Amino acid sequence: MVPGVRIHHRSRRRFLALAGGGGITAALACAPGAGRARGGPELVKALSPELFIRHGAHNAETRLESLPVGRLVTPIDRFYVRNHGPTPRLSPADWRLEIHGDAVERPVSLTYEELVALPTMTITRYLECAGNGRAYFPDLLGLPVDGDPWRDGAYGVAEWTGVPLSSLLALAGLRDSAAWVMPVGLDAEGYARPMPLAKAMMADTILAHRMNGEALPMDHGFPARVVVPGWIGAASVKWVGALEVTAQQPAVAANTEDYVMLGADYPGPPPVLTALVIKSAVCLPWPAVLPAGRRTIHGLAWSPFGKIARVDVSLDGGRTYPRAARLVGDNLPVAGTWWELDVEAPPGDLTVTPRAVDEHGHTQPPLVQQRPNDKGYLFAAPVPHPIRFV
Ligand SMILES: Nc1nc2c(c(=O)[nH]1)N[C@H]1C(S)=C(S)[C@@H](COP(=O)(O)O)O[C@H]1N2
Ligand SMILES: [Mo]
């Protein structure tokens, strides 16, 4: 069995529960209107300042210090939101999934009931925005970059339940020419981003319609979103209305202007971003203030390639990493783990710098090796988290 993956077969009871009651009604209860009073007009869920740092009207990063220590799955009420525009309020009654394009045998159109009746699988996987850590380009390297100054909170782990993309594509039948699959969003922007067929066919690339056991929340892509594990969040298109299967790679904003590496370090054709990078974070406010004495520092670490093997910690700003943190709770591939470290801290300033290593030996590059790019994507270096002990 692959850790973090459960396969389900069609359960009539669950399908009826979804179609008849719980799932859809619960999701609709927070449809037009209901969410607006709490979350403002752009987003549906409440974004209390204790749980989130807002970046503009429709983006919010999780305050990692608000997460329950040791519980890897991020509660929905604190899962980060990254939208290119307002959350669309879609009704499952009108929704269709169109599977079409020049490389399918026969176009297919599915209703919501038809989608949720298909056999599902549940995967525990993280999503992270390509711009997570962008604030550290100016903060740690003095480099100005374009975009919202996320620290570490554009990261979240969920239990996603849905239908493998490979099963959906099989319904339409692939022609020999099929090479690209582009999920297309139904938001006003029509946000879309293609992936190579090989990534779409991977066992854990799914069209999710449930998150942490609930119908997918509006802000996270209701009725259905793609989850493309290990890849930048921008690949995991929300509010999916179509899967376009083509022989040629479609050119859209998300693979030409955004989510490509631009800047002096990338003189040729801009590399299109795919996989994320291994990261770690201290789950404390920035900067943190703690009582002096013996304290346990908690954090998270995650890798797009597998499980975390080790988290080493520096207390001298990243020169030496003499301390190994204890890993706490679930440690799941392409999801992450909690870690903790005891420190004996006198009054004064200290930085705690974690550095993750995964089961395949990937690790975080030293700050001096961090390559810059104009849009501040894929910050990878260990981050010295400032703590004042009083
Ligand atoms: N349709 C659509 N899908 C989208 C986006 C969007 O704006 N529209 N944002 C993308 C980006 S950049 C990220 S990081 C993730 C964020 O997913 P979340 O809001 O569920 O955390 O969704 C991706 N999918
Ligand atoms: Mo993103």
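In this predicted model, an oxygen atom of ligand 1 lies 3.0 Å from a polar backbone atom of Arg82. A second backbone contact involves Ser236, where a polar atom of the main chain is 3.0 Å from a nitrogen atom of the ligand. The side chain of Lys238 also takes part: one of its N or O atoms is 2.5 Å from an oxygen atom of ligand 1. Taken alone, ligand 1 exposes 540 Å², and the protein buries 100% of that area.

Where does ligand 1 sit? The ligand occupies the largest cavity. There are 19 residues around ligand 1, and those that come nearest are His84, Asp187, His220, Arg225 and Lys238. By character, the shell consists of nine nonpolar, six polar and four charged residues.

Allow me to turn now to a sheet. Five strands form an open sheet with mixed pairing, in the order 16-23-22-18-19. Which strands stand at the edges? They are strand 16, residues 288-290, and strand 19, residues 323-324. Each has a single partner strand, so one side of each is left without a neighbour in the sheet.

In general, the strands of a sheet pair through backbone hydrogen bonds, in either a parallel or an antiparallel manner. Here, strand 22, which spans residues 348-358, and strand 23, which spans residues 385-389, run antiparallel and are joined by five bridges. Within this part of the sheet, Val352 stands opposite His385 of strand 23.

To summarise, ligand 1 sits in the largest cavity, with 100% of its exposed area buried by the protein, and the open sheet described here has five strands.

How values were computed. Residues numbered from 1 in each chain as written. Chains lettered and ligands numbered in written order. Predicted model: local features only at pLDDT ≥ 70, side-chain atom pairs only at ≥ 80, totals over all residues. Heavy atoms only, no water. Pairing = 2+ DSSP bridges. Helix = DSSP H or I, 4+ residues; strand = E, 2+ residues; numbered from the N terminus. Near = heavy atom within 4 Å. Polar contact = N/O pair within 3.5 Å; in protein donor to acceptor, adjacent residues only side chain to side chain. Areas by Shrake-Rupley, 256 points an atom, 1.4 Å probe, with all protein chains shown as cover. 1 Å grid on protein atoms, 1.4 Å probe; cavity = no way out; pocket = protein on both sides within 12 Å on 5 of 7 lines; lining within 4 Å. Sits in = over half its atoms within 2 Å of the grid points. Nonpolar A, V, L, I, M, F, W, Y, C, P; charged D, E, K, R; others polar.
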